[in-house]
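Here are my notes, set out as numbered points so you can follow along in the viewer. I start with the helices and then go through the side chains.

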Amino acid sequence: MTTERIIRIMAGAFVLISLALGIEESPLFVSKWFLAFTAFVGLNLLQSGFTGFCPPEKLLTKLGVKKSDGGGCCS
């Protein structure tokens, strides 16, 4: 698995979990403040798209996960 794929999975999971914890109609509702985490993930994805800087990618690379070879759908 590559860094790009792991980051996409992490971002999707974070958004879904924070929505489940932040929307009052959810059976897992805790607080509306979890929606701020959803916004944080979205802003991080947006800035990463413009700047190419992604903190999780740096961490995963240091942990030894290989980078994408450019064969993904966005490369």
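1. A word on terms before the first residue: a helix here is a DSSP run of at least four residues, coded H or I, and helices are numbered from the N terminus. Keep in mind too that this is a predicted model. With that settled, look at helix H1, which covers residues 3–22 and has Ala-11 in it.

2. Is Ala-11 buried or exposed? Its relative accessibility is 13%, so Ala-11 counts as buried, the cut-off for that being under 20%. What does Ala-11 touch, once residues up to four places away in sequence are set aside? The answer is Val-41 and Leu-45. There is also a C-alpha distance worth pulling up: Ala-11 to Gly-42 is 8.4 Å in space, though 31 residues separate the two in sequence.

3. Val-15 is another H1 residue to click on. Val-15 comes out as partly exposed because its relative accessible area is 25%, and the partly exposed class sits between 20% and 50%. Leaving out residues up to four places away in sequence, Val-15 touches Thr-38 and Val-41. So you don't have to scroll back: Val-41 is also on the contact list of Ala-11. From Val-15 to Phe-40 the C-alpha distance is 9.5 Å, with their positions 25 residues apart in sequence.

4. Now for helix H2, residues 34–51, where you will find Phe-37. H2 has 18 residues, and the span from its first C-alpha to its last is 26 Å, close to the 26 Å expected at 1.5 Å a residue. What follows H2? It is Gly-52, with a positive phi near 80 degrees.

5. Leu-43 also belongs to H2. Leu-43 has a relative accessibility of 56%, so it counts as exposed. If you want a long distance to check, take Leu-43 and Val-65: their C-alpha atoms are 24 Å apart, and the two residues are 22 apart along the chain.

6. On to the rings. How many aromatic pairs does a search of the whole structure find? There are two. One of them is Phe-14 with Phe-37, in an edge-to-face arrangement at 5.5 Å centre to centre and 65 degrees between the planes. Phe-14 sits in H1 and Phe-37 in H2, so this pair ties together parts of the chain that are 23 residues apart in sequence. Both partners are partly exposed: Phe-14 because its relative accessibility is 37%, and Phe-37 because its value is 35%.

7. Phe-37 has a second partner in Phe-40, and this pair is stacked, at 6.2 Å centre to centre with 25 degrees between the planes. Why are Phe-37 and Phe-40 separated by about one helical turn? Because the two are three residues apart in helix H2. As background, an α-helix has 3.6 residues a turn, so residues three or four places apart point the same way. Phe-40 is exposed, since its relative accessible area is 52%.

8. Putting the rings together, the pairs link Phe-14, Phe-37 and Phe-40 into a cluster. Those phenylalanines also make a nonpolar surface patch of about 300 Å². It makes a good view to save if you are preparing a figure.

9. Last, the charged side chains. How many salt bridges does the structure hold? It holds two. In one, the side chains of Glu-4 and Arg-8 meet at 2.8 Å, N to O. Both residues are in H1, four residues apart, which is about one turn of the helix. Arg-8 has 40% relative accessibility, so it counts as partly exposed.

10. In the other salt bridge, the side chains of Lys-32 and Glu-24 meet at 3.2 Å, N to O. Glu-24 is partly exposed because its relative accessible area is 49%, a value to set against the cut-off of over 50% for exposed.

Definitions and conventions
Residues numbered from 1 in each chain as written. Predicted model: local features only at pLDDT ≥ 70, side-chain atom pairs only at ≥ 80, totals over all residues. Heavy atoms only, no water. Buried < 20%, exposed > 50% of the residue type's maximum accessible area, 1.4 Å probe, protein only. Contact = heavy atoms within 4.5 Å. Patch = residues over 30% accessible without salt bridge, like charges linked within 9 Å, V, L, I, M, F, W, Y side chains within 5 Å. Areas by Shrake-Rupley, 256 points an atom, 1.4 Å probe, with all protein chains shown as cover. Salt bridge = Lys/Arg side-chain N within 4 Å of Asp/Glu carboxyl O. Expected span 1.5 Å × (residues − 1). Phe/Tyr/Trp six-rings, centres within 6.5 Å; stacked < 30°, edge-to-face > 60°.
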